[in-house]
Amino acid sequence: MALYTIVYNYCTTNGPRPPTQTTGASFKGEELYTRIKDFLEQHVTQIYKGAANRSEAALLEYYSREWERFLFSISKFNHILQYLNRIWIKNEIENKKEVYYIHTLSLVSWRDFMYKPLRDDIKTSLLSQIRKDREGEIIYTSLVANVVRSLVTLSTNKLGIGRQTKPDDKVLDVYQYFEEDFLKETEAYYGAESNNFIGVNTIADYMIKVEARLNQEKHRVGTYLNETTAPELTKRLHKVLIEHHKDTVQSEFPKLLQNDKNEDLGRMYSLLCHINALDPLRQAFEQYVHKVGLASVESVQRDTDPKAYVEALLNVYRKFSVLVAVSFRNESEFVAALDKACRKFINDNIICTNAKTSSKSPELLAKYSDLLLKKSNKNQEEGEMEDLLNDVLILFKYVEDKDVFMNFYSKFLAKRLIYGTSASEHLERTMLEKLKSACGYEYTARLQKMFTDMTLSKELNDQFRNFCENESVDIGLDLGVLVLATGAWPLQAPLTPFSLPSELQLCSTTFEKFYTTRFDGRKISWLHHLSKGEVKTNYTTTNKGGYTLQGSGYQVGVLLQFNQTDHFTFKDLQVATQLTESVLVGTLRTLLKTKVLLSTPKVEDPDKDQVDSSSITFLLNAQYKSPKGRVKVNINVAVKSEAPSEKGGPDDTMSHVVEERKLLMQAAIVRIMKARKKLRHMHLISEVVEQLQSRFKPQIPLIKKCIDILIEKEYLERVKTEKDMYSYIA
């Protein structure tokens, strides 16, 4: 405080002054400032002389020590001269005079009389220490950091002097004098090292080396360099370590893929990502996934088991999706490459080629879904089942012909619901929700209606039982009826007539009366080929309590005929049941094979021998024996024996798909033309494809055929003056 007072008194004392000076205080301030400036010059010059004959670490150590002492001294010095700063120096700066605050003046003196004479030696010493650090020698990083900080402090914008083009410009001129040579030295050092290393080591080892070097340089910037160096340093490192060797590194990618070197692949991705050189990797990745996918399908081509096929596809997807997630960080372009490759080998592989259709994949996927959702001894816990259903949705995403999947899926669902073979109603509805989320409500509207019909049928059966009680009608059996909407269920009427046995006629007519009184105008069509029933035997001598036989509607119908007489010829049964010859043959083969019926003369092989001969008589087997009291006769055989169109097989399903596609295409064409009024042929084709590709891959010839159909129906017409132009007819 005493020193501050001395300065204050000195500056405020009036004394002799030049004629041009207005006040004594101003003259005293200028005199004091000049003396301080001279003193700093002499003092710093004296410090500089102490650096003579010093180099490398010794020079840096001396410079750093004196710099710290100087900073401490000038902070005190500046405090003592605060009055001079606030009054005279501030006034001179405002008047654009070339003077500095005392602290700045001290740093300028250090810069001009200490740093500048030594700057080349300091730069050389710093670069030498950094090289030693790179080569693994131990250096005093704090010493280097302190010297570098001094260079930053002495730079123009840190001193608050000089002109800046923008307020946030970082004009580190003193530091940049060192930085320029540092960057050149770094580029040369790593250029030589990378060339030598990659020539005698593997690419995997080289990438490990590069990754380590990048991390080391990043650490150096944080430890003893200025942060402004980082962008340019990183750029040059990427150039010399990665870009100069990118072709060699990229050429190793297929080999790493084949050998499942996921860690090395992740490292390669990280390095090449720095220089935007990933396109060749994405292309190679897509080609490799496609190749592996085709090979995986070929390994199961002999057996087109849906489970084996789906698992082969999933194994490929899982393997590479993990690779993309972990090694390629789920980068969108690699995800797209995986999706593209999966879409290729799922829709076009050897199984599709052998089947001569790209729709084989959705068919097998639907069959696999049926296996999961159907009751069996192999059903897993619901949590595991949901995971398996999610796997189905993964593959479903890549299937192009989603309408084919839906047609097969709806047929299998119909059978599960009708025959009560679903493993879990919760899982069925879960799958429905997943499909709805993937494709929208319209895609699953029919499936939703099927579930609604099942719920309504349960309520309807309860109402029917109440009706029978109220009307005092005893139908003589336990009847369960499923009332299914024609438009929602993929079912067809039987091709064979069927005459109900007298035991079943009352319940049929009673239910029809009940239904028509509640729903006026609706018509019931009985699908006996999908029905099933149970009959109790009262004729067996091996089991006094009799057996309960479970069979199809046709099988039950044939067996009930034996309540009238104990033997029938084939013609007699055909007249009694009205079944076509092929259906009756299939029904009798089943009953003979299960030994419920006997024949005279005996049919040795029911699957091959003729059973429709007029010389064969059929009768009940009184000696029938079974270890179980409830015997299930093969219900599905009767259905299989009917005409192909009733099977719901692949050919029939595809025919239905083609017809449905025609309707969808026609609807899309009409929507487009109604909105556009006029449109050229190619534009119409492209818009139809764009609208429908989420459900299936439209074929151009079929679109053209639909356009011709709509022209015939007078929805469209060709513009006479322009060949490829269509107009909408309102």
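These are my notebook entries on a predicted model, covering helices, backbone oddities, salt bridges and charged patches.

**Entry 1: two helices**

I began with helix 6, which runs over residues 141-153 and holds 13 residues. From its first C-alpha to its last I find 18 Å, close to the 18 Å expected at 1.5 Å a residue. I then asked myself which residues of helix 6 are buried. My list reads Leu 143, Val 144, Ala 145, Asn 146, Val 147, Val 148, Ser 150, Leu 151 and Val 152.

Helix 13 came next, at residues 262-273. Its twelve residues should span 16 Å at 1.5 Å a residue, and I find the end C-alpha atoms 16 Å apart, which agrees. How many of the twelve residues of helix 13 are buried? I get nine, so I noted this helix as mostly covered. The buried set takes in charged side chains, including Asp 264 and Arg 267. Gly 266, Met 268, Tyr 269 and Ser 270 are also in the buried set, and so are the leucines at 265, 271 and 272.

**Entry 2: backbone oddities**

A reminder to myself before this one: most residues other than glycine have a negative phi, and most peptide bonds are trans.

Where does a cis peptide bond turn up? I found one joining Thr 600 and Pro 601, with omega at about -10°. Pro 601 lies in the loop between strand 4 (597-600) and strand 5 (617-620).

For phi, I looked at two residues that are not glycine. Asn 330 has a positive value, near 55°. I placed Asn 330 in the loop between helix 15 (306-326) and helix 16 (332-347). Asn 330 is partly exposed, at 48% relative accessible area.

Lys 356 also has a positive phi, near 60°. Its loop runs between helix 17 (350-355) and helix 18 (360-373). Is Lys 356 buried or exposed? I have it as exposed, with a relative accessible area of 78%.

**Entry 3: salt bridges**

Side chains of opposite charge can pair when their charged atoms come close. I took the cut-off as a Lys or Arg side-chain nitrogen within 4 Å of a carboxyl oxygen of Asp or Glu. With that rule, the count comes to 42 salt bridges. I wrote up three pairs and one network.

The pair I opened with was Arg 131 and Glu 135, whose closest N and O atoms are 3.5 Å apart. Arg 131 is partly exposed, at 32% relative accessible area. Glu 135 is partly exposed too, at 44%.

My next pair was Asp 260 and Lys 319, with the closest N and O atoms 3.2 Å apart. Asp 260 sits in the loop between helix 12 (253-258) and helix 13 (262-273), and Lys 319 in helix 15, so this pair ties together parts that are 59 residues apart in sequence. I have Asp 260 as partly exposed at 42% relative accessibility, and Lys 319 as partly exposed at 37%.

Then I turned to Arg 446 and Glu 660, which meet in a salt bridge at 3.1 Å, N to O. Which parts of the chain does this pair link? Arg 446 belongs to helix 22 (residues 441-471) and Glu 660 to helix 29 (residues 650-676), so I noted distant parts of the chain, 214 residues apart. Arg 446 is partly exposed at 46% relative accessible area. Glu 660, at 16% relative accessibility, counts as buried because the cut-off for that word is under 20%.

I closed this entry with a network of salt bridges that links Asp 133, Arg 134, Glu 217 and Arg 220.

**Entry 4: charged patches**

Which residues form a positive surface patch? I found four lysines in one: Lys 375, Lys 532, Lys 628 and Lys 632. Lys 632 is part of strand 6 (residues 630-632). Its relative accessible area is 63%, so I marked Lys 632 as exposed.

I also looked for a patch of negative charge. Glu 381, Glu 382, Glu 384 and Asp 387 form one on the surface. Asp 387 is in helix 19, residues 382-398. With a relative accessible area of 47%, Asp 387 is partly exposed.

Definitions and conventions: Residues are numbered from 1 along each chain as its sequence is written. This is a predicted model: local features need pLDDT of at least 70, side-chain atom pairs count only at pLDDT 80 or more; totals for chains, interfaces and linings use all residues. Side-chain values use heavy atoms; hydrogens and water are left out. Patches are made of residues with over 30% relative accessible area and no salt bridge: like charges are joined within 9 Å, nonpolar side chains (Val, Leu, Ile, Met, Phe, Trp, Tyr) within 5 Å. Accessible areas come from the Shrake-Rupley method with a 1.4 Å probe; for residues, only the protein chains shown count as cover. Lys and Arg count as positive and Asp and Glu as negative; His and the chain ends are not counted. The place of a charge is taken as NZ of Lys, CZ of Arg, CG of Asp or CD of Glu. Helices (H or I, at least four residues) and strands (E, at least two) are DSSP runs, numbered from the N terminus. Buried means under 20% relative accessible area, exposed over 50%, partly exposed in between (1.4 Å probe, protein chains only). The expected span of a helix is 1.5 Å times one less than its number of residues.
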